[in-house]
Amino acid sequence: MAEVLVYVDHVDGAVRKPTLELLTLARRIGEPVAVALGAGAESTAAALAEHGATRVLTHDASEYADYLVVPKVDALQAAVAAVSPAAVLVPSSAEGKEIAARLALRIGSGIITDAVDLEAGDEGPVATQSVFAASFSTKSRVSKGTPVITVKPNSAAVEAAPAAGAVEALAVTFSAQATGTKITGRTPRESTGRPELTEAAIVVSGGRGVNGAENFGLIEALADSLGAAVGASRAAVDAGWYPHTNQVGQTGKSVSPQLYIANGISGAIQHRAGMQTSKTIVAVNKDAEAPIFDLVDYGVVGDLFDVVPQLTEEIKTRKG
């Protein structure tokens, strides 16, 4: 069976959930070979092997931390040359898509971004994408070279599938461009104790109907009762009620959780584009004609200031 390269997104050896999802998808089309780079790369092996990686190619160098993306592209290019894979899978983050695009250009291959599913095809992997503000689903494949595919978080379940996970050193020669853009400083993001928005299984969002930054505590309380991430509509962000880093929509982040709860959000196309692929959608809005109700699985016509606190208390009661 052909091998499939999976780029590992990790923090000092702790593998992030989207990578484990990629391993699930990779097993559908071949044998997963993980590529882990930077500090803690070898420490990823146990988790990767538990989820199906037959081999783990590792390389550590200061360039991965000191310079932007190009060193990682150099390493992936070396891995492609060494393995001759059937495909290369990369998490669909901002960095992941830049790495994938640069890699595809270098190896003369086609690229598919923001896939939400992947299956084996007679002529190579077939990717499903949600397009035109999630109004349509398309199936496509790369017709030239080794397919490079980025996959959105929450597109597949994390499944244990123990494999050898043999650790092998990857030989990497950095290009002249690798040191072109130096990272001069880092500011750690303040932790909220909540899941990362794009990776969360549950997202609770607030919009114009929240009517002020001081009222977002209601949204946060509901999110915390569910162990969810907090999102916001563009209207709420533009009004200064919540940080742009939490904006869901076409000009914000795209999410695809198992459950999405929209509170006081009308459902403009810009917002729908960022959350329409959610598995189950619930909306709370006092306007029965709000466009969001055309999209939802469950809708509550009511004032969020009445509904959300009651919902939060009921969840807390049921959880004991």
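Tutor: Before we start: contact here means heavy atoms within 4.5 Å of each other. Also keep in mind that this is a predicted model.

Student: Okay, helices first. Which residues of α6 meet α9?
Tutor: Take α6 as residues 216–226 and α9 as residues 304–319. On the α9 side, the residues met are Leu304, Phe305, Val308, Pro309, Leu311, Thr312, Ile315, Lys316 and Lys319. On the α6 side, they are Leu218, Ala221, Leu222, Ser225 and Leu226.

Student: How do the residues of that contact divide into nonpolar, polar and charged?
Tutor: Leu and Ala count as nonpolar and Lys as charged, while Ser and Thr fall among the polar ones. Sorted that way, the contact of α6 with α9 has 10 nonpolar, 2 polar and 2 charged residues.

Student: Are α6 and α9 roughly parallel or antiparallel to each other?
Tutor: Their axes are 9 Å apart and the packing angle is about 25 degrees. The cut-off for roughly parallel is under 35 degrees. α6 passes α9 in a left-handed crossing, and the angle therefore makes the pair roughly parallel.

Student: Which residues of α6 are buried?
Tutor: The buried ones pack against β12, β13, α7, β14 and α9. α6 also lies across β12, β13 and β14, at about 170 degrees to β12. The buried residues of α6 are Phe216, Ile219, Leu222, Ala223 and Ser225.

Student: What comes right after α6, and what is its phi?
Tutor: The residue following α6 is Gly227. The phi of Gly227 is positive, near 70 degrees.

Student: Which strands stand at the edges of the sheet under α6, the one with β12 in it?
Tutor: That open sheet has 5 strands with parallel pairing, in the order β13-β12-β14-β15-β16. Each edge strand has a single partner, so one side of it is left without a neighbour in the sheet. The edges are β13 and β16.

Student: Inside that sheet, which residue of β14 stands opposite Val204?
Tutor: β12 (202–206) runs parallel to β14, and 5 bridges join the two. In β14, the residue opposite Val204 is Ile261.

Student: Now the 9-strand sheet. Which are its edge strands?
Tutor: The sheet is open, its pairing is mixed, and the order is β9-β8-β7-β10-β6-β1-β4-β5-β11. From one strand to the next the twist averages 35 degrees. Each edge strand pairs on one side only, and those strands are β9 and β11.

Student: Which residue of β10 is the bridge partner of Val90?
Tutor: β6 (residues 87–91) and β10 (residues 148–151) run parallel, joined by 4 bridges. The β10 partner of Val90 is Thr150.

Student: What angle does α5 make with β10?
Tutor: α5 (residues 94–107) packs on the sheet and touches β1, β6, β7 and β10. The direction of α5 makes an angle with that of β10 of about 170 degrees.

Student: Thr128 sits in β8. Is Thr128 buried or exposed?
Tutor: Leaving aside neighbours within four places in sequence, Thr128 is in contact with Ala115, Val116, Asp117, Ser137, Thr138 and Lys139. The cut-off for buried is under 20% relative accessible area. Thr128 has 10% relative accessibility, so Thr128 counts as buried.

Student: And next door in β9, how many of the 5 residues are buried?
Tutor: β8 and β9 run antiparallel, with 5 bridges between them, and Gln129 stands opposite Thr138. β9 itself is hardly covered, and its count of buried residues is 0.

Student: At the other edge, how far apart are the C-alpha atoms of Val167 and Val35?
Tutor: Val167 is in β11 and counts as partly exposed at 42% relative accessibility. Val167 touches Glu42, Ala45, Val56 and Thr58, leaving aside neighbours within four places in sequence. Val167 and Val35 are 132 residues apart along the chain, and their C-alpha atoms are separated by 9.9 Å.

Student: Last one, on backbone oddities: what is the phi of Asp12?
Tutor: Asp12 lies in the loop between β2 and β3 and is exposed, with a relative accessible area of 62%. Although Asp12 is not a glycine, its phi is positive, at about 50 degrees.

Terms used
Residues numbered from 1 in each chain as written. Predicted model: local features only at pLDDT ≥ 70, side-chain atom pairs only at ≥ 80, totals over all residues. Heavy atoms only, no water. Axes fitted to C-alpha atoms, helices over the stretch in contact; angles between N-to-C directions. Parallel < 35°, antiparallel > 145°, perpendicular 65-115°, else oblique. Left-handed = near helix turned anticlockwise from the far one by under 90°. Pairing = 2+ DSSP bridges. Buried < 20%, exposed > 50% of the residue type's maximum accessible area, 1.4 Å probe, protein only.
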